[in-house]
Amino acid sequence: MDNTKYASLLEQVRSKRPLVHHITNYVTVNDCANVSICIGAAPVMAHSRDEVAEMVSMAGALVLNIGTLDQRQIESMVMAGTKANDLNIPVILDPVGAGATRLRTETAHSLLHRLHVSVLKGNAGEIAVLAGAEGRVRGVDSDGVSGDPAAIARKLADRLGIVVAMSGPTDVVTDGTRTLLVENGHPMMGKVSGTGCMAASVAGAFAAVTHDHLASTAAALAALGLAGERAAAGCGGPASYKIALLDEVYRLTPDELKKGAKIREA
Amino acid sequence: MDNTKYASLLEQVRSKRPLVHHITNYVTVNDCANVSICIGAAPVMAHSRDEVAEMVSMAGALVLNIGTLDQRQIESMVMAGTKANDLNIPVILDPVGAGATRLRTETAHSLLHRLHVSVLKGNAGEIAVLAGAEGRVRGVDSDGVSGDPAAIARKLADRLGIVVAMSGPTDVVTDGTRTLLVENGHPMMGKVSGTGCMAASVAGAFAAVTHDHLASTAAALAALGLAGERAAAGCGGPASYKIALLDEVYRLTPDELKKGAKIREA
Amino acid sequence: MDNTKYASLLEQVRSKRPLVHHITNYVTVNDCANVSICIGAAPVMAHSRDEVAEMVSMAGALVLNIGTLDQRQIESMVMAGTKANDLNIPVILDPVGAGATRLRTETAHSLLHRLHVSVLKGNAGEIAVLAGAEGRVRGVDSDGVSGDPAAIARKLADRLGIVVAMSGPTDVVTDGTRTLLVENGHPMMGKVSGTGCMAASVAGAFAAVTHDHLASTAAALAALGLAGERAAAGCGGPASYKIALLDEVYRLTPDELKKGAKIREA
């Protein structure tokens, strides 16, 4: 369990300060902006068809989050994603609520089909639904899956040829061949709106500094989860916990990530 | 003054974790999501005409908030509300800024006409305007009413056959026949953007667990107000107060609500 | 260095509680609402073409922020701005990301051309781009300018006949003839998404109470910067810093502004 690689990725995020272009929901967008700054990246949010291709061209990564989806946003996502693909800029997709409505499920499938997504990050229910397995999604929350979550994620990653990250008490990150399990995190993260979205933003920041998106995604989830562990001390509830979580992301050093990341091969 | 009923409603919110579908403004939407989680519900925000009917079908309540209104949102509200009515899912309407512009006043009237709204919750100016009484609304704030607020609310509730909640130093909750006065709360709540919106979200969570919407709304306002009282201790200003408010909503137990709710018949 | 004038402006904001109409981005809109309340103003956000003219008519100032721009928002900005001009209501423009994409640059130019903007407030890169000087903007961040920032701002202010405020370690506020330098602030403000947007909101609150927009803008930047200095004590990271910043804006007294404002003629 040598975490040097992950620590080095955090170091690179901090030194390169990659621009991370988000097309995301209006619920947690402020949290995504702030967590991006805290991890060391520069966030920008832009959704107009008149600028997304130009904006993403400057970016180190593109984060697509379908949490408050509509048709215009889908068009913008395709435009930005297509340009990102042309320029080999990694695309992170967070299929928020896939499985809850047909619009979300079909849009997630369609984006995966029309774009080369580098990292698909969702909760267990969302990933299972997209894998064609039995997943249950209630609103934007996973309501459980039938079968082995890691196997479902691995199969989907293998089929799509991309990295799939399935969040949960233990996060599963897999490219279909290798599978990493990330055991950082804290139950309070589930009591805050937007920690899943933040994970996608942090994954975008890490994806911007390396071509190894299995490692970058595991590092991102470990970094956020480790901050989440440290934030729990003395917090009075979900709101003060979120504040502490963001502060801890900011304060997390590569050395601390090296010591604290709980990443292992499955 | 037996608060057992109200305490039991909080208990049910916590155990059933109702899904509360919001079509709401982009200013305070994150606060609405987080207060929903803190009270024990599962929030989901979705506005696209391509999914609102499907999303609301899973929900325990629908919260419509016109704080940043436009034509497309109105259509979505009608679609979601119509489906909610078909399925007997309670609809909470927060007519933010009714009285300030014709669009808001007319939309609030139109939604009340086209949908069966279970609970209409607004500030004194908004409710007065909708009651056809003299109410003054400045931006999104009540600027006072002429006449007895409780009488205005009662008359409107009676005419519409719904529960009307008028927020203020003393909240008035009435179905036209019975009127409850809720005296929980703290002046600092008026210094935070979104406490009114949060009240509607919490009212949605409580409305999802009972058919008695007079009781559910009073319980919701008492719960938020009691949390607001507890949050005031040692806060340094409105921002830290909001954090403490959300934390206190999360920490509030049914037993504490039973002891602390200040609800009485008018 | 007599700050009596600036202190008096804060006093007037607190006593008049001006309504500040925002058409702004969905990333930091909640921060804009809350900082407006904390400084003593009443914020309202409204973007629909069906109400912006009516809403702005009640307002003391209009804040236009292009942080998440699209065509529909541009139309609303022009409608609201035109009405504000008709009624002599000051318009504050924050050209977020001008220089990063053509849409943002052209929209900023177009708004400056079609409307009488009272105060243009941007970072160094944005102001330089709009001045036709060499400015670099990366996403929504200034990436530096070539030449003397104060001279660039002065020239643009002179050409447009408006007040230009260029934020930075030292803020430059100029009407082309007189130039004020504001040296309040703290590096942590750069680690929080939205402090620039907040500055425009506070500038709107101050612009609402005087015709001297050179003074009002300097006072606004000094007030926010001074709060930013005070917030730094004991904060644990950017998120707790933002909470403290808002609290300190709320707690700032005219007398403290008088003593602490670092405003001097260039």
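**Exercise 1. The core**

Which residues have the most contacts inside the largest nonpolar core, and how many residues does that core have?

*Solution.* Keep in mind as you work that this is a predicted model.
- Start with the size: the largest nonpolar core has 329 residues.
- Next, look for the residues with the most contacts inside that core, and you arrive at Ala223(A), Ala223(B) and Ala223(C).
- Now take the copy in chain C and set aside its neighbours within four places in sequence. Ala223(C) is then in contact with Leu10(C), Ile39(C), Val202(C), Leu252(C) and Leu257(C).

**Exercise 2. A residue before helix 1**

Find Asp2(C) in the structure and decide: is Asp2(C) buried or exposed?

*Solution.*
- Locate the residue: Asp2(C) sits in the segment before helix 1 (4–16) of chain C.
- Count its surroundings: 8 other C-beta atoms lie within 10 Å of Asp2(C).
- Apply the cut-off, by which a residue with 12 or fewer is exposed. Asp2(C) is therefore exposed.
- For a sense of distance, pick Asn85(C), 83 residues from Asp2(C) along the chain; their C-alpha atoms are separated by 32 Å.

**Exercise 3. Two helix pairs in chain A**

Describe how helix 8 of chain A crosses helix 9 of chain A, then how helix 2 of chain A packs with helix 10 of chain A.

*Solution, first pair.*
- The axes of helix 8 (residues 195–207) and helix 9 (residues 213–231) of chain A come within 8 Å and cross at roughly 135°.
- That angle is why helix 8 of chain A is oblique to helix 9 of chain A.
- The crossing of these two helices is right-handed.
- The residues of this contact comprise 12 nonpolar, 3 polar and no charged.
- Among those that meet are Met198(A) and Phe206(A) from helix 8, and Leu221(A) and Ala223(A) from helix 9, of chain A.

*Solution, second pair.*
- Helix 2 (residues 29–39) and helix 10 of chain A have axes 7 Å apart and pack at an angle of about 30°.
- Helix 2 and helix 10 of chain A are therefore roughly parallel to each other.
- Asn34(A), Val35(A), Cys38(A) and Ile39(A) of helix 2 meet Leu246(A), Val249(A) and Tyr250(A) of helix 10.
- These residues divide into 6 nonpolar, 1 polar and no charged.

**Exercise 4. Where chain A touches chain B**

Which element of chain A gives the largest share of the side that touches chain B?

*Solution.*
- Begin with the contact itself: 26 residues of chain A meet 25 residues of chain B.
- On the chain A side, helix 5 (102–114) and helix 10 (238–251) are the elements that give two or more residues.
- Helix 10 of chain A gives the largest share, 4 residues.
- Finally, sort that side by character: 10 nonpolar, 10 polar and 6 charged residues.

Key
Residues are numbered from 1 along each chain as its sequence is written. Chains are lettered from A and ligands numbered from 1 in the order in which they are written. This is a predicted model: local features need pLDDT of at least 70, side-chain atom pairs count only at pLDDT 80 or more; totals for chains, interfaces and linings use all residues. A nonpolar core is a set of buried Ala, Val, Leu, Ile, Met, Phe, Trp, Tyr and Cys residues joined through C-beta atoms within 7 Å. A residue is buried if 20 or more other C-beta atoms lie within 10 Å of its own, exposed if 12 or fewer, and partly exposed in between; C-beta atoms are placed from the backbone. Two residues are in contact if their C-beta atoms, placed from the backbone, lie within 7 Å. Axes are lines fitted to C-alpha atoms, for helices over the stretch in contact, and angles run from 0 to 180 degrees between N-to-C directions. Angles under 35 degrees count as roughly parallel, over 145 as roughly antiparallel, 65 to 115 as roughly perpendicular and the rest as oblique. A crossing is left-handed if the near helix is turned anticlockwise from the far one by less than a right angle, and right-handed if clockwise. Ala, Val, Leu, Ile, Met, Phe, Trp, Tyr, Cys and Pro count as nonpolar, Asp, Glu, Lys and Arg as charged, and the others, Gly among them, as polar.
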